[in-house]
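Please open the structure in your viewer and keep a selection tool at hand. The tour proceeds from one chain to the other and pauses at one helix and one strand.

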Amino acid sequence: MKIAHLAALLLIVSAPVLAQEHVPPAPYAYRQLDNPEQEARAKALMVTLRCVMCQSQSIADSDAPIAGDMRSEVRTRIAAGEDPEHIRQWLIARYGDYVTYAPQVKPITWPLFAAPVVILALAALLLRGRFGRPRQTNDEGSA
Amino acid sequence: MSQADPKPRLRLALWLPLILFAALFALFVHGLTNPADTNVASAFVGNPLPQFDLPPAAADRPGLATRAFQTGKPKLLNVFASWCVPCAAEAPQLAALAQAGVEVDGVAIHDQRADLTRFLAANGNPYAAIGRDDQRAVQLAIGSSGVPETYVIDGHGVIRYQHIGDIRPEDVPKLLARVKDAGKGAGS
């Protein structure tokens, strides 16, 4: 009884998904570009773009239909000679920074880029305190 | 008395796990009762519609091109599909909006004519035009991340507002107000 209910529910839920498959996928959704160098550039970009449907996957990983269309869009533009960063900016203009996994240099992200410098500076300061002035001090005996 | 008083720190330490537990519990309850908004809003609101010219998706409706939104009259652009369940749920609300005098144009995503015909026969057809977007070219170009989504476009073809998800009955007055605002803004 319960299994029959579950099966019915699954059928209802899966019907729209199946219906979507009636339309053939976009030309480059599941097909690599013929030029390996271009495909490598497309791939490098696609792994850093977020699928807006399955939001913890990149469009290179996701099997969502919209991810396929986004891959096709990216590959078509790469094949036409467009710069990958230009494509990224095109998508950011439409979906916001959320669409890219590669952080952009913006006023709100400055701590991200400043933190390593600050930490290195702090480490240098600490190390100098430890190793930098053994000759200046004459409290070796007291320690 | 003589045992408890000299060690107030120990007593605090004993309470600490419970305090931590209570804090985490409160945090989890808050997280569970207020799920995060996972919608990706379009960052393209305020920009003019990109140039497109989609072929007709239905037999008895024309296709959809950018110039249809440059007539001086604000319109709704509804991104939908026959395979999308919430799209069927919002059909009465779209009909109400069309009834109120707002032109509704559709962009059908990944759809086939036979499926779409069946969908429109079952749920009503409030659309003045329906463009066929098989590869989501228009959907991606306006920053739409799913179906259904409804955009308010002013008379100059500029995107004024995005409604994500199905239009509920309570959303209809809000959308009508947005269309009215877009009409004022376009004002030429």
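What percentage of the 143 residues of chain A count as buried? The share is 20%, where a residue is buried if 20 or more other C-beta atoms lie within 10 Å of its own, exposed if 12 or fewer, and partly exposed in between, with C-beta atoms placed from the backbone. The model is predicted: local features need pLDDT of at least 70 and side-chain atom pairs count only at pLDDT 80 or more, while totals for chains, interfaces and linings use all residues. Residues are numbered from 1 along each chain as its sequence is written, and chains are lettered from A and ligands numbered from 1 in the order in which they are written.

**Chain A**

Select chain A and colour it by secondary structure. Five helices and zero strands appear, in the order α-α-α-α-α from the N terminus; helices (H or I, at least four residues) and strands (E, at least two) are DSSP runs, numbered from the N terminus. Of the contacts in chain A with a separation of 6 or more, 52% are between residues 24 or more positions apart; two residues are in contact if their C-beta atoms, placed from the backbone, lie within 7 Å.

Next, select helix H2 of chain A, residues 36-46. Its buried residues are A:Arg41, A:Ala42, A:Leu45 and A:Met46. Viewed down the axis of H2(A), these buried residues fall within an arc of 135 degrees, so they line one face of the helix; the arc is that of the directions from the helix axis to the C-beta atoms. Add helix H3 (65-79) and helix H4 (84-95) of chain A to the selection, since the buried residues of H2(A) pack against both. Then rotate to the face of H2(A) turned away from the buried side, where the exposed residues A:Pro36, A:Glu37 and A:Ala44 are found.

**Between the chains**

Now display both chains. In chain B, 21 residues are in contact with 20 residues of chain A. The side of chain B that touches chain A has nine nonpolar, eight polar and four charged residues. In this classification Ala, Val, Leu, Ile, Met, Phe, Trp, Tyr, Cys and Pro count as nonpolar, Asp, Glu, Lys and Arg as charged, and the others, Gly among them, as polar.

**Chain B**

Hide chain A. Chain B has six helices and seven strands, following the pattern α-β-β-β-α-α-β-α-β-α-β-β-α along the sequence. Its C-alpha atoms fill a box of roughly 90 × 40 × 30 Å along the principal axes. Of its 188 residues, 38% are buried.

Colour domain 1 (1-36) and domain 2 (53-186) of chain B separately; these bounds come from an automatic or database domain assignment. The C-alpha centres of the two domains lie 53 Å apart.

Finally, select strand S3 of chain B, residues 75-80. Six of the six residues are buried, so S3(B) is largely enclosed by the rest of the structure. One side carries B:Lys75, B:Leu77 and B:Val79, and the other B:Leu76, B:Asn78 and B:Phe80.

Which strands join S3(B)? Strand S4 (residues 103-109) runs parallel to S3(B) and is joined by six bridges, with B:Val79 opposite B:Val107. Strand S6 (residues 149-153) runs antiparallel to S3(B) and is joined by five bridges, with B:Asn78 opposite B:Thr150. Two strands pair if DSSP finds at least two bridges between them.
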